[in-house]
Amino acid sequence: MSRFLDPRFAALKEYTPGEQPQDKQYIKLNTNESPYPPSDKVVQAVNAQQVRDLRLYCDPDCTKLKTAMAQRFGVGENNLFLSNGSDDILNFCFMAYGGGGAAFADITYGFYEVFAKLHGVQAEIIPLREDFSLDVEGFKGKNKLVVIANPNAPTGLCLDLTVIEDIVRSNPNGVVVVDEAYVDFGGESCYRLIDRYENLVVCQTFSKSRSLAGGRLGFAFACPALIADLEKIKYSTNPYNINRLTQVAGLAVVEDDGYYMDNCRRIEENRAFAVERLEGLGFEVLPSKANFIFCRSDRMGGKQLYLQLKEKGILVRHFDKARISDFVRITIGTREQMGALVDAVRQLLGE
Ligand code: PMP
């Protein structure tokens, strides 16, 4: 750290992304990417002409992509905000709506805490219950920024729409952000509620179900006034934050929706397979509606399991956090990858 850094940031503890090893080939089950590549339409869309056009700035409004998405989801274009990954949108929400403080769970997406610190937002941390379910009553009547990942990460637990609606309704004077990064793997999106609630922002991403993590494309649904706030912030930081190649790739993804939704169903099948096999090996696996599972074995600690799997060429994610240090989070890959994982675990447990 230099002596020039603003004291506001000196104590900031930055987010630690999952490992992205560049040296060795792992079976990579640590950052919830899709095991399936983008469809051929994307490969065709990102063509030589698009590369030549990189000399030109991209469309800051993402007009074509936004029109296609508005059609796909049956919302107005003024109900949609696009940005550089949903992290970008979450960041903007803390910036825009965190003035009165923010409430989120103790075990949830780790970036919320970082964004709160980054923007000097007072964070109220509401512990999950013993079984890792959300303390729903604890989130009611906060009337400040409320952020809920649904399904939650890293647990995979999902709340019903009615519960989300109760929380949104009970916070009329605070914005409720529902982070639906993992909603396509068996959850139900609450985005249709945006017509009824002026305080609801629903974030989704192309990074998981749409195989575009490296393209960086996130989107949010909200009423036009909230969308205008987010646009104001985007246009005051980096209007060109979705590059040209990502815009054409994203459009091709939207036009090939069936391929991606089929992949989600395959991932759900692979998840059921992995859960069954790991439970057969004595694991406790939390009920997941995401493209990952969160599990523990009383025969091996989480850190040990993570390290030993890594030695065997399989990367999973372990969090050094008191309540969850026994667990590992395993991204759901292909059936073959899940088979390899289960075999490796079986060997490690000496079965
Ligand atoms: N929300 C949650 C709960 C996540 O796990 C992630 C992925 N790390 C994100 C948002 C951000 O995803 P992206 O920026 O790739 O859209």
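This briefing walks through the pockets, a cavity, helix packing and some backbone details of the structure above. The model is a predicted one, so please read the values below as computed from that model. Its largest pocket has a volume of about 1300 Å³, and the second largest pocket has a volume of about 230 Å³. Searching the whole structure turns up 1 cavity of 30 Å³ or more.

**The largest pocket**

- The lining of the largest pocket, whose volume is about 1300 Å³, is made up of 48 residues.
- If you want to find the middle of this pocket on screen, look for Tyr15, Thr16, Pro17, Tyr109 and Arg317, the lining residues that lie nearest its centre.
- Three helices each give at least two residues to the lining of the largest pocket: H5 (85-97), H6 (111-118) and H11 (302-311).
- Sorted by class, the lining of the largest pocket holds 19 nonpolar, 13 polar and 16 charged residues.

**The second largest pocket**

- Around the second largest pocket you will find Gln50, Cys58, Asp59, Cys62, Thr63, Lys64, Leu65, Arg244, Gln247, Val248 and Leu251.
- Two elements, helix H4 (63-73) and helix H9 (244-255), give two or more residues to the lining of the second largest pocket.
- H9 provides the largest share of that lining, with 4 residues.
- The lining of the second largest pocket comprises 5 nonpolar, 3 polar and 3 charged residues.

**Helix H4 and the cavity beside it**

- Which residues of H4 are buried? They are Leu65, Lys66, Ala68, Met69, Ala70 and Phe73.
- Leu65 is thus on two lists, being buried in H4 and also part of the lining of the second largest pocket.
- The packing partners of the buried H4 residues are strand S2 (80-83), strand S7 (200-205), strand S8 (218-221), helix H8 (224-235) and H9.
- Gly74 follows H4 and has a positive phi, near 65°.
- The largest cavity has a volume of about 30 Å³, and its lining consists of Met69, Arg72, Phe73, Phe206, Arg210, Phe219, Val254 and Asp257.
- H4 gives the largest share of the cavity lining, 3 residues.
- By class, the lining of the largest cavity has 5 nonpolar, no polar and 3 charged residues.
- Met69 and Phe73, both buried in H4, are among the residues that line the largest cavity.

**How H11 and H12 pack**

- A pair of packed helices is described by the angle between the two axes and the distance between them.
- For H11 and helix H12 (residues 335-348), the angle is about 115° and the axes are 10 Å apart.
- The two helices, H11 and H12, make a right-handed crossing.
- On the H11 side the contact involves Leu305, Gln308 and Leu309, which meet Leu341, Ala344, Val345 and Leu348 of H12.
- This contact of H11 with H12 counts 6 nonpolar residues, 1 polar residue and no charged ones.
- H11 also supplies at least two residues of the lining of the largest pocket.

**Cis peptide bonds**

- Asn150 and Pro151 are joined by a cis peptide bond with an omega of about -5°.
- Pro151 sits in the loop between strand S5 (145-149) and helix H7 (161-169).
- Another cis peptide bond joins Ala153 and Pro154, with an omega of about 5°.
- Pro154 is placed in the loop between S5 and H7.

**Positive phi outside glycine**

- Asn32 is not a glycine, yet its phi is positive at about 55°.
- You can locate Asn32 in the loop between strand S1 (27-28) and helix H2 (40-45).
- Is Asn32 buried or exposed? Its relative accessibility is 1%, so Asn32 counts as buried.
- Ser211, also not a glycine, has a positive phi of about 55°.
- The loop between S7 and S8 is where Ser211 lies.
- Ser211 counts as buried because its relative accessible area is 11%, under the 20% cut-off.

**A loop residue, Asp131**

- Asp131 belongs to the loop between strand S4 (123-126) and S5.
- With a relative accessibility of 48%, Asp131 counts as partly exposed.
- Asp131 and Leu286 are 155 residues apart along the chain, and 8.9 Å separates their C-alpha atoms.

Notes
Residues are numbered from 1 along each chain as its sequence is written. This is a predicted model: local features need pLDDT of at least 70, side-chain atom pairs count only at pLDDT 80 or more; totals for chains, interfaces and linings use all residues. Side-chain values use heavy atoms; hydrogens and water are left out. On a 1 Å grid over the protein atoms alone, a cavity is a set of points where a 1.4 Å probe fits but cannot get out, and a pocket is an open set with protein on both sides within 12 Å along at least five of seven lines; lining residues have an atom within 4 Å of a point. Grid points are joined across faces, edges and corners, and a volume is the space filled by probe spheres set on the points. Ala, Val, Leu, Ile, Met, Phe, Trp, Tyr, Cys and Pro count as nonpolar, Asp, Glu, Lys and Arg as charged, and the others, Gly among them, as polar. Axes are lines fitted to C-alpha atoms, for helices over the stretch in contact, and angles run from 0 to 180 degrees between N-to-C directions. A crossing is left-handed if the near helix is turned anticlockwise from the far one by less than a right angle, and right-handed if clockwise. Contact means heavy atoms within 4.5 Å. Buried means under 20% relative accessible area, exposed over 50%, partly exposed in between (1.4 Å probe, protein chains only).
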